[in-house]
Amino acid sequence: MASDLPFLGSREAMELQEFSRKPKRNVSRTLGELLQRVGDSTGDNNPPSHQVFEVDHDPVYQPAASMPFVLSFHNLTYSIKVRRKIIPSCFRRTVAHGSSGNVMEDKSGFKVLLNNISGEAREGEIMAVLGASGSGKSTLIDALADRISRESLKGIITLNGEILESKLLKVISAYVMQDDLLFPMLTVEETLMFSAEFRLPRSMSRSRKKARVQALIDQLGLRTAAKTVIGDEGHRGVSGGERRRVSIGTDIIHDPIMLFLDEPTSGLDSTSAFMVVKVLQRIAQSGSIVIMSIHQPSYRILSLLDRLIILSRGQTVFSGSPVTLPAFFAEYGHPIPANEDRTEFSLDYIRELEGTPGGTKSLVDFNKSWQMKNPRISHTNGTRQSLKDAISASISMGKLVSGSTNVDSNLSSSVPIFANPFWIEVLVIAKRSFTNSKRAPELFGVRFGAVLVTGIILATIFWKLDNTPKGVQERLGFFAFAMSTTFYTCAEAIPVFLLQRYIFVRETSYNAYRRSSYVVSHALISIPSLLVLSLAFAAITYWSVGLAGGTSGFLFFLIFIFASFWAGSSFVTFLSGVIFNVMMAYTVVVAILAYFVLFSGFFITRDRIPAYWIWFHYLSLVKYPFQGVLQNEFDDPSKCFVRGIQVFDSSPLRAVPDEIKLKLLKSMSKTLGMNITSSTCLTTGSDILKQSGVTDIDKWSCLWITVALGFLFRILFYVALLIGSKNKRK
């Protein structure tokens, strides 16, 4: 497959000649074939200070026999409900007067973001959507990329004349968000390689995947940065332009048929922006439809664009080739001065019209008449291919690398939804998570430090507890604090998913992997760290405190500590999937865990809890491990905790001399009709368990319930991801 090969032959640095026109090609090349022709500005050992590329700049791309892919959209309309703000009467007239030119909000309280937008994007071309902030650029891109609910979006979107299903669109397209959502501690090469592991099929060997990644690195001009980490605010990494090109690379690794980009040049300098758009031109020439929004392209970037749609408050004010802009405004009556930039003049003039009472209505109407007088000429040399035939042809030429070799009549099922099976996705996600954790060990270090310090403090405070009544109370306090600590330290894991949430949404929106794969991998990758935390805490506290049971008791205590960490980690993970704000998530976790501790049975026993609160007692995550370790400690029937005069230790008579206590015991013996001496056992472990109200569920059941609760919260986390990560506007 040509698209799997790295660069062949030597690289040459050639001068860019803008607006030079070369003969139209007769064969549609794949991305891999184009990769072999792209110059690498960093390829020489002693690179010059300035290098430019050759641009094969065709105003209209033309394949051999027909136009395989044509994305058409007609009368796209989208509006949202606006919440009315209470405005004092003295300001209403001013506000109304100031918004008289706003055509986006109707009288029914709906704000119109798109208003009857129509157009066409073709394979081999870049279609750019221009407009000022709030004009509807991103909304139109979202509408075409199926990121707006079909119930809310009115209009028709077709590919080669056939209605485009959401399921199929996710498979054959990619969407590059405005923000660069990347893992900061991965290198450029690792980021693209993990994307290849997700997007490319299992049938493709690892060597071919590596070759594809290396070719893509050269095409994106990232060779010198290949071994550099992406970086963030705390770690120095690649530049902004390089980061943007990496974002694009992660989404085109599988050579999609359609590529949507939301302001890919935002925040970049002119040179970096030009390089990004030049890469997009190459992608389009490989046989893709490229649709992007851009705020205000430079003169050089404009020369790379094939078609423009300029929006103003959700309406089309211009649609056509960039070269027709001067003629358009000249016929409208406002010609573009010879010494001014075309797009800058156009956007400035549109902004002026928006401030007038009539708004841009006259320009919108003129554009409609202009389109009727100057219809776009079809460049097809034959009958347009059906969608099925076009996809089959593209796959046979190396595009849409998905493991499918043919396309049947059911398009949605012929191309696999996911490139890899479930278990491959789990392994790749786990490998990536492990790599990230290894390079950013701070989070685990904080948790391990907290557990270590807590264990040492508990071991030194509760050092070698005895079997006296005071020792019993101290044991109860130790278990209550120890079990609650395992849950509170899990709160440190809140940022783990919240920091990855938008990366997860971006990757799953276009079927890089299954949500279930992420949930399972997230759970598996957490087990080793939880085992380390459990072993450290149990080893520090068990023998230091003097807990009962020997080796078997220690193993059971260790298992319960691990189960508590597992349930707590799952609970926190579930909340991070529901609550998106870090500070709010911390507040909710701390509050709920406090309630769990309150109703665990330590502060108030089960039989003393009011009936209307007893349900919360059984919902408490702390109840089951607390009850289990108590039963593990006090289930030995031969062990006595209160003998003879020790019965007075928990009463005001504890200060009385032992001789008097013995006389009191004799008096009590006569009264009760039984012999009570200083060695008589009055309280066993079973009595303590009954007094504590922890005999309703045995310790093994408590263990399985704790483990099951961990699985339950993982399932709820999966449900939260299904509901909350659709990434669609309503």
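Helices here are DSSP runs of H or I at least four residues long, numbered from the N terminus. In this predicted model, one such helix, α15, holds R432. Despite its charged side chain, is R432 buried or exposed? R432 has a relative accessible area of 5%, and because the cut-off for buried is under 20%, R432 counts as buried. As for its surroundings, leaving aside residues up to four places away in sequence, R432 touches F183, L186, F194 and F198, and also E507 and Y513.

Helix α15 turns up again at the surface. It spans residues 422-439 and, like α20 (515-545), supplies at least two residues of a nonpolar patch. That patch covers about 460 Å² and is built from F422, W423, L427, V520 and L524. Of the contributing elements, α15 gives the most, with 3 residues. L427, one of the patch residues, sits in α15. So the helix that carries the buried R432 also has a hand in the nonpolar surface patch.

Turning to the strands, an open sheet of 4 strands runs in the order β2-β1-β4-β5, with antiparallel pairing. At its edges lie β2 (110-122) and β5 (162-163), each of which pairs on one side only. Strands of a sheet pair through backbone hydrogen bonds, either parallel or antiparallel. Within this sheet, β1 (residues 70-81) and β4 (residues 154-159) are joined in the antiparallel sense by 5 bridges. As a marker of how the strands line up, L71 stands opposite L159 in β4.

Technical notes
Residues numbered from 1 in each chain as written. Predicted model: local features only at pLDDT ≥ 70, side-chain atom pairs only at ≥ 80, totals over all residues. Heavy atoms only, no water. Patch = residues over 30% accessible without salt bridge, like charges linked within 9 Å, V, L, I, M, F, W, Y side chains within 5 Å. Areas by Shrake-Rupley, 256 points an atom, 1.4 Å probe, with all protein chains shown as cover. Salt bridge = Lys/Arg side-chain N within 4 Å of Asp/Glu carboxyl O. Pairing = 2+ DSSP bridges. Buried < 20%, exposed > 50% of the residue type's maximum accessible area, 1.4 Å probe, protein only. Contact = heavy atoms within 4.5 Å.
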